[in-house]
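Work through the exercises below with the structure in view. Try each task before reading its solution.

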Amino acid sequence: MLEKTKKLNVTATKEMIQIKVGLIGDTQTGKTSFVARCLANPCPNYYEPTLGVETFDKFITLKTGQVHLTFWDFSGRLDFL
């Protein structure tokens with residue numbers, strides 16, 4: 001399981017671009033590993049299925065402002081969708 005990043009004291013402003021990315025697909029296709037790579041975390045060595053949905057935040061600072069990425073990692077099991 002990926003460790004949740006600590007909540008940052010960053011408030012949304014008009015200059016902040018917010019992007020939400022939904023990852024939907026079959027089980028064991030690498031959705032959670034993809035999020036781990038985007039967050040610069042190592043990929044887990046074991047398989048732990050996502051139950052329901054997990055969200056992960058990443059803040060990127062650019063010259064023009066900040067980008068707030070929210071990854072929505074949905075379970076691949078149909079009974080959770």
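Helices and strands here are DSSP runs, with at least four residues for a helix and at least two for a strand, numbered from the N terminus. The model is predicted.

**Exercise 1. Establish which elements the protein has and how they follow one another along the sequence.**

Solution.
- Step 1: count the elements. There are one helix and three strands.
- Step 2: read along the sequence. The pattern is β-α-β-β.

**Exercise 2. Work out the order of the strands in the sheet and the direction of each pairing.**

Solution.
- Step 1: take β1, residues 17-23. Seven bridges join β1 to β3, and the two run parallel. Ile17 stands opposite Val67 in β3. Gly22 stands opposite Trp72, also in β3.
- Step 2: take β2, residues 53-62. Ten bridges join β2 to β3, and this pair runs antiparallel. Thr61 has Gln66 of β3 as its bridge partner. β2 and β3 form a hairpin, with two residues between them.
- Step 3: assemble the sheet. The order is β1-β3-β2, in an open sheet of three strands with mixed pairing. β1 and β2 are the edge strands, each pairing on one side only. From one strand to the next, the twist averages 20°.
- Step 4: recall the general rule. Strands of a sheet pair through backbone hydrogen bonds, either parallel or antiparallel.

**Exercise 3. Place the helix relative to the sheet.**

Solution.
- Step 1: find the contacts. α1 packs on the sheet and touches β1, β2 and β3.
- Step 2: compare directions. The direction of α1 makes about 160° with that of β3.

**Exercise 4. Is Met16 buried or exposed, and is Ile24 buried or exposed?**

Solution.
- Step 1: locate Met16. This residue is in the segment before β1.
- Step 2: apply the cut-off. Buried means under 20% relative accessible area. Met16 has 9%, so Met16 is buried.
- Step 3: look for a distant partner in sequence. Met16 and Gly65 are 49 residues apart along the chain, with C-alpha atoms 6.0 Å apart.
- Step 4: locate Ile24. This residue is in the loop between β1 and α1.
- Step 5: apply the other cut-off. Exposed means over 50%. Ile24 has a relative accessible area of 63%, so Ile24 is exposed.
- Step 6: list its contacts. Leaving out residues up to four places away in sequence, Ile24 touches Lys31 and Phe74. Ile24 and Phe74 lie 50 residues apart along the chain, and their C-alpha atoms are separated by 5.6 Å.

**Exercise 5. Describe the largest pocket and its lining.**

Solution.
- Step 1: give the volume. The largest pocket has about 360 Å³.
- Step 2: find the residues at the centre. The lining has 23 residues, and the closest to the centre of the pocket are Thr32, Tyr47, Glu48, Pro49 and Thr50.
- Step 3: assign the lining to elements. α1 (31-38) and β3 (65-74) are the elements that give two or more residues. The largest share, three residues, comes from α1.
- Step 4: sort by type. The lining divides into eight nonpolar, nine polar and six charged residues.

**Exercise 6. State what share of the protein is buried and what share of its contacts spans 24 or more positions.**

Solution.
- Step 1: take burial. Buried residues make up 23% of the 81 residues.
- Step 2: take contacts with a separation of 6 or more. Residues 24 or more positions apart account for 54% of these.

Notes:
Residues are numbered from 1 along each chain as its sequence is written. This is a predicted model: local features need pLDDT of at least 70, side-chain atom pairs count only at pLDDT 80 or more; totals for chains, interfaces and linings use all residues. Side-chain values use heavy atoms; hydrogens and water are left out. On a 1 Å grid over the protein atoms alone, a cavity is a set of points where a 1.4 Å probe fits but cannot get out, and a pocket is an open set with protein on both sides within 12 Å along at least five of seven lines; lining residues have an atom within 4 Å of a point. Grid points are joined across faces, edges and corners, and a volume is the space filled by probe spheres set on the points. Ala, Val, Leu, Ile, Met, Phe, Trp, Tyr, Cys and Pro count as nonpolar, Asp, Glu, Lys and Arg as charged, and the others, Gly among them, as polar. Two strands pair if DSSP finds at least two bridges between them. Buried means under 20% relative accessible area, exposed over 50%, partly exposed in between (1.4 Å probe, protein chains only). Contact means heavy atoms within 4.5 Å. Axes are lines fitted to C-alpha atoms, for helices over the stretch in contact, and angles run from 0 to 180 degrees between N-to-C directions.
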